[in-house]
Amino acid sequence: MSIDWLQFTPWTALAGGGLIGLSAGLLVTGLGRIAGISGIFAAMFQSREPGNGWRWAFILGLLLSPWLLQALTPEVPVFPEFEITHPRQWLVLAVAGLLVGYGTRMANGCTSGHGVCGLARLSPRSLAAVSIFMGSAMVTVALRHLLGGAS
């Protein structure tokens, strides 16, 4: 295995991680809310409280940010390896999204909520969840390498 140094972008990854941490910190200090995407998304449709606009703005910002980045940096492809070439791929994406949503409800949170916010609050449940997420990812990558599926 070798690193493709032309595609390795540690500074943009570091900047992205810093922005995620900053936004989570601003949300918890400004509104007293946790930046767990699945919880924010579910509450958009369940909550009838008058202060629900921040949830819509948060999710809209998540959805629009790739296009904003592409508009600001047209020479750098945002998702170069992601292209939908067949209508059936939309169905696969929709089913995958529903399964992920169902799993996050079962786990009482998603990777962003547990990993970014839960660990920062020293939540034992988040520590267990992140350990399972990361352990599963490590086993998957190891099996992929052992079975020759890695490129």
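**Exercise 1. Describe the order of secondary structure elements along the chain.**

Solution. Step 1: read from the start of the sequence to its end; the pattern is α-α-α-α-α-α. Step 2: count by type, which gives six helices and zero strands in this predicted model. Step 3: add the extent of the protein. Its C-alpha trace spans about 50 × 40 × 35 Å along the principal axes.

**Exercise 2. Determine how helix 2 and helix 3 are arranged, and which residues form their contact.**

Solution. Step 1: choose the quantities. Two packed helices are described by the angle between their axes and the distance between the axes.

Step 2: read them off. Helix 2 covers residues 37–46 and helix 3 covers residues 53–72; their axes come within 9 Å and cross at roughly 125°.

Step 3: classify the angle. An angle over 145 degrees would count as roughly antiparallel, and 65 to 115 as roughly perpendicular. The crossing at roughly 125° fits neither range, so helix 2 is oblique to helix 3.

Step 4: give the hand, which is left-handed for this crossing.

Step 5: list the contact. Helix 2 supplies Ile 37, Ile 40, Phe 41, Ala 43, Met 44 and Phe 45, while helix 3 supplies Trp 54, Arg 55, Trp 56, Phe 58, Ile 59 and Leu 62.

Step 6: sort these residues by class. Eleven are nonpolar, none is polar and one is charged.

**Exercise 3. Carry out the analysis for helix 5 and helix 6.**

Solution. Step 1: the axes of helix 5 and helix 6 (residues 124–146) lie 9 Å apart, and the angle is about 130°.

Step 2: helix 5 and helix 6 are therefore oblique to each other.

Step 3: their crossing is left-handed.

Step 4: the residues in contact are Thr 111, His 114, Gly 115, Gly 118 and Leu 119 from helix 5, with Arg 125, Ser 126, Leu 127, Ala 129, Val 130 and Phe 133 from helix 6.

Step 5: by class, this contact has five nonpolar, five polar and one charged residues.

**Exercise 4. Characterise the largest pocket by volume, lining and residue class.**

Solution. Step 1: the volume of the largest pocket is about 1,100 Å³.

Step 2: its lining has 33 residues, and those nearest the centre are Thr 12, Gly 16, Leu 19, Ser 65 and Leu 69.

Step 3: assign the lining to elements. Helix 1 (10–30), helix 3 and helix 5 (111–120) each give two or more residues. Helix 1 has the largest share, with nine residues.

Step 4: divide the lining by class, which yields 22 nonpolar, ten polar and one charged residues.

**Exercise 5. Characterise the second largest pocket.**

Solution. Step 1: the second largest pocket has about 950 Å³ of space.

Step 2: 25 residues line the second largest pocket, and Ile 37, Phe 41, Leu 63, Leu 93 and Gly 97 are the closest to its centre.

Step 3: the elements that contribute two or more residues to this lining are helix 2, helix 3 and helix 4 (88–106). Helix 4 gives the most, ten residues.

Step 4: the lining of the second largest pocket has 19 nonpolar, five polar and one charged residues.

Technical notes: Residues are numbered from 1 along each chain as its sequence is written. This is a predicted model: local features need pLDDT of at least 70, side-chain atom pairs count only at pLDDT 80 or more; totals for chains, interfaces and linings use all residues. Side-chain values use heavy atoms; hydrogens and water are left out. Axes are lines fitted to C-alpha atoms, for helices over the stretch in contact, and angles run from 0 to 180 degrees between N-to-C directions. Helices (H or I, at least four residues) and strands (E, at least two) are DSSP runs, numbered from the N terminus. Angles under 35 degrees count as roughly parallel, over 145 as roughly antiparallel, 65 to 115 as roughly perpendicular and the rest as oblique. A crossing is left-handed if the near helix is turned anticlockwise from the far one by less than a right angle, and right-handed if clockwise. Contact means heavy atoms within 4.5 Å. Ala, Val, Leu, Ile, Met, Phe, Trp, Tyr, Cys and Pro count as nonpolar, Asp, Glu, Lys and Arg as charged, and the others, Gly among them, as polar. On a 1 Å grid over the protein atoms alone, a cavity is a set of points where a 1.4 Å probe fits but cannot get out, and a pocket is an open set with protein on both sides within 12 Å along at least five of seven lines; lining residues have an atom within 4 Å of a point. Grid points are joined across faces, edges and corners, and a volume is the space filled by probe spheres set on the points.
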